[in-house]
Amino acid sequence: MSRWSELTRLTTLSQLHDLIRIDLRGHGESMTRRSFNTLRWREDLRLLLDIEGAATAYLVGHSLGATVAMDFATSLPERVAGLVLIDPVFREAVVPAKRHFVHGGPVFQAAAHLLRLLNRLGLHRRSLAALDLERLDQQARVALADPDPARLEAFVRHYSSTREDLRHIPHANYLQDLVEIFRPLPSLSMVKAPVLVLRSTMAGFQTEDEIARRLAELPRVRVESIDCHHWPVTERPLEVRQLIEDGIGEMERAARSWEAAPVRSLRSEAQPTVQGGRQSPVR
């Protein structure tokens, strides 16, 4: 089960929108041992929207999902009605203690390529451990409510453990994810749609100044802080759901107001065009 299962089941957005939860190629029910990258994910998303008949969509993504959403919005801005970015990652902002993940991109890429060659020869695990992320989130909330700091710290280490992650995903796919999440992003000034950014206050692996610099590139952005670690959908589900619902609601009202404006205002390049068709939050 996806981490987004609970939110999409309970959100009021389903009353007005088609909700699409995506397993990116190489993950979940879109599992593959073949190569993939951000460009392939972008094309997958474009094709999905075409198949669904969605001229534009609101894209909602967390961490790597936010990277995919930003790439899509800078490459195909006419297909994006709005963005909700939860803890987006910027390679320039990674703190010195974690910079080896950024600099290690070429090594991770080469290792992923070698592992895929071995996979083609039949050298790989025959099965991967199933993972119900919704159930894991429920367990996480119990642990996060524990008043004992030692038990809480132990759970956070387990929850963010690379070894634990590798039980559920091919090693090559995990390495490729590291390559993609730290790829350079183009200027976000190309994103014409409104953007809501939800940031965890305790993530601690990016510098605030550099994050602020990158977010300032967005023509229309609103930033909200959430008192949690790097998993706001897990730790603060009600708060996150409300912020997403309110944020997309505000984006829609602004779009309707702009569409109703005099014709002369429609020529302003500072305003995005929200095209017709179904608008679907994509997870």
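Glu134 is buried in this predicted model, with a relative accessible area of 10%, a value that falls below the 20% limit under which a residue is called buried. The side chain of Glu134 takes part in a salt bridge with Arg9, in which the closest N and O atoms are 2.7 Å apart. Arg9 belongs to helix H1, which covers residues 5-10, whereas Glu134 belongs to helix H6, which covers residues 133-144, and the salt bridge therefore ties together parts of the chain that are 125 residues apart in sequence.

The pair formed by Arg9 and Glu134 is one of 18 salt bridges counted in the model. Another of these contacts joins the side chains of Arg199 and Glu208, with a distance of 2.8 Å from N to O. The two partners differ in their accessibility class, since Arg199 is buried, with a relative accessible area of 16%, while Glu208 is partly exposed, with a relative accessible area of 47%. The latter value lies under the 50% above which a residue would be classed as exposed.

A further salt bridge is found between the side chains of Glu224 and Arg222, where the distance from N to O is 3.0 Å. Here Glu224 counts as partly exposed at 26% relative accessibility, and Arg222 is likewise partly exposed, with a relative accessible area of 25%. Elsewhere, salt bridges are connected to one another through shared partners, and in this way Glu92, Glu210, Arg213, Arg214 and Glu217 are joined into one network.

Contacts between aromatic rings were examined as well, and a search of the whole structure gave 2 aromatic pairs. One of them consists of Phe101 and Phe182, whose ring centres are 6.5 Å apart and whose planes meet at 25°, so that the pair is classed as stacked; this assignment follows because planes under 30 degrees apart count as stacked. The two rings come from distant parts of the chain, 81 residues apart, with Phe101 placed in helix H4 (residues 99-103) and Phe182 placed in the loop between helix H9 (171-181) and strand S3 (195-200). With regard to accessibility, Phe101 is partly exposed, with a relative accessible area of 28%, whereas Phe182 counts as buried at 11% relative accessibility.

Links between distant parts of the chain are thus described for both kinds of contact, namely for the salt bridge of Arg9 with Glu134 and for the aromatic pair of Phe101 with Phe182.

Key:
Residues numbered from 1 in each chain as written. Predicted model: local features only at pLDDT ≥ 70, side-chain atom pairs only at ≥ 80, totals over all residues. Heavy atoms only, no water. Salt bridge = Lys/Arg side-chain N within 4 Å of Asp/Glu carboxyl O. Helix = DSSP H or I, 4+ residues; strand = E, 2+ residues; numbered from the N terminus. Buried < 20%, exposed > 50% of the residue type's maximum accessible area, 1.4 Å probe, protein only. Phe/Tyr/Trp six-rings, centres within 6.5 Å; stacked < 30°, edge-to-face > 60°.
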